[in-house]
Amino acid sequence: MSLLHITAAGLIVLASLFHSLMGEKKLIAPTLAVDDPFIKNPMTQGITRFGWHSSSGFFLLTALIVVLSGTPAALIWATGVLWLGLGLINLILMAAKHPGGYLLSLIGTLILLGQIL
């Protein structure tokens with residue numbers, strides 16, 4: 001584990017918190033407030049919230065993968081590639097207007113550089 005991995009893990013923790021808190025406020029709550037029978041269905045509401053917030057939990061798992069002693073190198077490489085790939089896809093799909101793409105790309109880059117250096 002390197003300082004770059006620790007930095008990436010710290011950014012992942014911050015991203016996870018920001019994703020859950022701001023996502024709930026700016027995206028999930030307004031979306032679920034739409035007056036539509038499908039959206040108002042309790043199962044739709046529960047699945048939407050669960051899916052959103054559980055992804056934040058998976059963020060935290062990747063932070064652990066990166067800093068945990070004894071993690072196989074292939075898993076760290078895969079984690080870095082995943083973060084970088086998702087960041088680049090976000091930048092492309094959102095025409096670089098969503099800040100998440102930059103952060104995800106940075107996290108992936110830090111993880112990969114930590115493996116290289």
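What follows is a friendly conversation about this predicted model.

Colleague: To get my bearings, how many helices and strands are there in the protein?

Modeller: There are five helices and zero strands, and along the sequence the pattern reads α-α-α-α-α. The C-alpha trace spans about 55 × 30 × 20 Å along its principal axes.

Colleague: What makes a residue count as buried, and what share of the 117 residues of the protein does so?

Modeller: A residue is buried when its relative accessible area is under 20%. In this protein, 33% of the 117 residues count as buried.

Colleague: Why is the group with Ala-8 and Trp-83 called a nonpolar core?

Modeller: The name calls for buried residues of nonpolar kinds, joined through side-chain atoms within 4.5 Å. The largest such core here has 13 residues, and those with the most contacts inside it are Ala-8, Ile-12, Phe-59, Ala-63, Trp-83, Ile-107 and Ile-111. Two or more core residues come from each of helix H1 (3-32), helix H3 (42-67), helix H4 (73-93) and helix H5 (99-116).

Colleague: Could you take one of them, Ile-107? Which residues is Ile-107 in contact with, leaving aside its neighbours within four places in sequence?

Modeller: Those are Ala-8, Leu-11, Ile-12 and Trp-83. Ile-107 is also listed among the buried residues of H5. Others in that list include Gly-100, Leu-104, Gly-108 and Ile-111. The cover over the buried residues of H5 includes H1, H3 and H4.

Colleague: How do you know that the span of H5 agrees with what is expected at 1.5 Å a residue?

Modeller: The 18 residues of H5 should span 26 Å, and its end C-alpha atoms are 26 Å apart, so the two values agree.

Colleague: And how far does H3 reach from its first C-alpha to its last?

Modeller: H3 has 26 residues and reaches 38 Å, close to the 38 Å expected. Its buried residues are Thr-44, Gln-45, Ser-56, Phe-59, Thr-62, Ala-63, Ile-65 and Val-66. Among the elements covering them are H1, helix H2 (37-40), H4 and H5.

Colleague: Let us turn to the surface. Why is Leu-86 called partly exposed?

Modeller: Buried means under 20% and exposed means over 50%, with partly exposed in between. Leu-86 has a relative accessible area of 42%, so Leu-86 is partly exposed. This residue sits in helix H4.

Colleague: Which residues form a nonpolar patch with Leu-86?

Modeller: Its partners are Leu-82, Ile-89, Ile-92, Leu-93 and Met-94. Together with Leu-86, they have about 620 Å² of accessible area. For the protein, the accessible surface comes to about 7,200 Å², of which 79% belongs to carbon and sulfur atoms.

Colleague: Where is Ala-95 found, and what is its phi?

Modeller: Ala-95 is in the loop between H4 and H5. Its phi is near 50°, a positive value in a residue other than glycine.

Colleague: Why does Ala-95 count as exposed?

Modeller: The cut-off for exposed is over 50%. Ala-95 has 52% relative accessibility, so it counts as exposed.

Colleague: What about Ala-96: what is its phi, and why is it called partly exposed?

Modeller: Ala-96 is found in the loop between H4 and H5, and its phi is near 60°, again positive in a residue other than glycine. Its relative accessible area is 34%, which lies between the 20% and 50% cut-offs, so Ala-96 is partly exposed.

Technical notes
Residues numbered from 1 in each chain as written. Predicted model: local features only at pLDDT ≥ 70, side-chain atom pairs only at ≥ 80, totals over all residues. Heavy atoms only, no water. Buried < 20%, exposed > 50% of the residue type's maximum accessible area, 1.4 Å probe, protein only. Helix = DSSP H or I, 4+ residues; strand = E, 2+ residues; numbered from the N terminus. Contact = heavy atoms within 4.5 Å. Patch = residues over 30% accessible without salt bridge, like charges linked within 9 Å, V, L, I, M, F, W, Y side chains within 5 Å. Areas by Shrake-Rupley, 256 points an atom, 1.4 Å probe, with all protein chains shown as cover. Salt bridge = Lys/Arg side-chain N within 4 Å of Asp/Glu carboxyl O. Expected span 1.5 Å × (residues − 1).
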